[in-house]
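Thanks, everyone, for making the time this morning. I would like to walk you through one model, starting with a term and then moving from a single residue pair out to the whole chain.

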Amino acid sequence: MIQKPRGTLDILPGESKKWQFIESACRKVCKKHGFGEIRFPTFEETQLFARGVGDTTDVVQKEMYTFTDRDGTSYTLRPEGTASVARAVIENGLAGGTMPLKLFYIINCFRHERPQAGRYREFYQFGAELFGATSPSADAKLILLASDFLKEIGLKNISLHINSIGCPECRSVYRDALVKYFSQKKEDLCQTCRSRLETNPLRILDCKSPICKGIAADAPKTIDYLCQSCKEHFDGLKERLSEVGIDYTVDCNIVRGLDYYSRTVFEFISEGIGAQSTVCGGGRYDGLVSQIGGPELAGIGFAAGINRLVLSMENGSSFKDEEEGPDLYIAAIGEKASVKANGLCAKLSDLGIVSETDLVGRSLKAQMKYANKIDAAFTLILGDGELQTGRAQLRNMKTGDQFDVSPDDIESIIKIVKREGV
RNA sequence: GUGGGUAUAGCUCAGUUGGUUAGAGCGUCAGGUUGUGGCCCUGAAGGCCGUGGGUUCGAGUCCCAUUACUCACCCCA
């Protein structure tokens, strides 16, 4: 028995409706805010992610699906979307066009992690990126898009947390202060946080350990270390969020794991879907485009984890699961009737009456049972007798009423199905 | 990469302190006279009890290993 790869998903028809619901919400909201869809390769040169996402990040260091092509080039299955979008913007000359540039995408991504609730090796993201705008209005616009999207799918128990991690200049000052603070308490920190002190001190802030949490509570706060312009930017964002009526809480412990973030970072968090509760996360990345060889071009974006959104839909959403059977099932008895049923079925389907007929050679009784099971609105019974007399029974499966029709009079069959079906 | 939990039919699960041919419900398929679904009744198919070792006269049951699933750490959407 060959099984699907670990951490991947088969999405069956019943479940895929939820995914379609989410995807159509993405498209609807993006249209509303003027974001255009971009599609790009599933794999890119490994270098793109190494330089864009950051050489030292866990994602790049131990989670990428990397392979060598026949010509020796190293490629990687995309672990996220932003770096690829930035690359496509540069490569297609969009950076020289009209700004702002607003793009969105719905993609699958790949990360070799240990699977758990809300975390998969192949996972799906809805992402949006806004380039060429440094104003806090851009940050607010993007957060509004995300907020509208979550509202559109009607999720309950979602909260927005924002923070500013500053520009590279003020962040390094802050980082030093943080290292200094935590170094004093080094003995009390958990094992992983002690090593984080060297590698990524900001990460200590969102450690799950209660002891580290306690220590982090009194740690220096990012917002106290922002330079003048970063502070103004953050204040500007908060003002604009309030103006458009978006509730938020400032959470100094929000830290993004990807190197390209600067200034604004944010997360939408959902209750009750397990430990992986960030349903949408993003931030500003003014240095990314130049980092991967493009011009100076500001950007801000987010990605929402579709798998996690599907999970949080269990807790309530505006999704309605409407099971709909075909309008008509044609029960055929015998070879001649079967041939006739095939033709009738095709004609009716063309005319907008969703029709089915027997494909597996069942008895009449079994066909009736099947019609009932698939929730067909009507059943037309066709046998030798009907073909000879030119009269057949059209049965309303809900009421049990039967109508005498001619199998060749398609018009009147449609008329009855439409009238009774409403 | 590190821990915990789980593994019996397509699905959800029973299976006594180890004891003969491993069960139920649901689902699937077929019947319940002549050409009419739902409810009900009957029957059938479907399991190397995750895999490999071990203990034992005897293992679905106990022990070890392994794999998968799952939850958490880590990381992140």
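Before I name that pair, let me fix the vocabulary: two strands count as paired here if DSSP finds at least two bridges between them. Please also keep in mind throughout that this is a predicted model.

With that said, look at Phe126 of chain A, whose bridge partner in strand 11 is Ala304. The two strands to follow here are strand 6, residues 122-131, and strand 11, residues 299-305, which pair in the antiparallel sense over seven bridges.

Where do these strands sit in the sheet? Reading across, the order is 1-5-6-11-10-9-7-8, in an open sheet of eight strands whose pairing is mixed. Its edges are strand 1, at 36-37, and strand 8, at 249-250, each of which pairs on one side only.

Helix 1, which covers residues 13-33, lies across strand 5 (101-110) and strand 6, and runs at about 165° to strand 5.

Stepping back to the whole of chain A, we have 15 helices and 16 strands. Of the contacts between residues at least 6 apart in sequence, 71% join residues at least 24 apart, and buried residues account for 39% of the 422 residues.

As for overall dimensions, the radius of gyration of chain A is 29 Å, whereas a compact globule of 422 residues would come out near 22 Å. Along the principal axes, the C-alpha atoms fill a box of roughly 95 × 50 × 45 Å.

Notes. Residues are numbered from 1 along each chain as its sequence is written. Chains are lettered from A and ligands numbered from 1 in the order in which they are written. This is a predicted model: local features need pLDDT of at least 70, side-chain atom pairs count only at pLDDT 80 or more; totals for chains, interfaces and linings use all residues. Helices (H or I, at least four residues) and strands (E, at least two) are DSSP runs, numbered from the N terminus. Two residues are in contact if their C-beta atoms, placed from the backbone, lie within 7 Å. Axes are lines fitted to C-alpha atoms, for helices over the stretch in contact, and angles run from 0 to 180 degrees between N-to-C directions. The radius of gyration is taken over C-alpha atoms; the globule rule is 2.2 Å times the number of residues to the power 0.38. A residue is buried if 20 or more other C-beta atoms lie within 10 Å of its own, exposed if 12 or fewer, and partly exposed in between; C-beta atoms are placed from the backbone.
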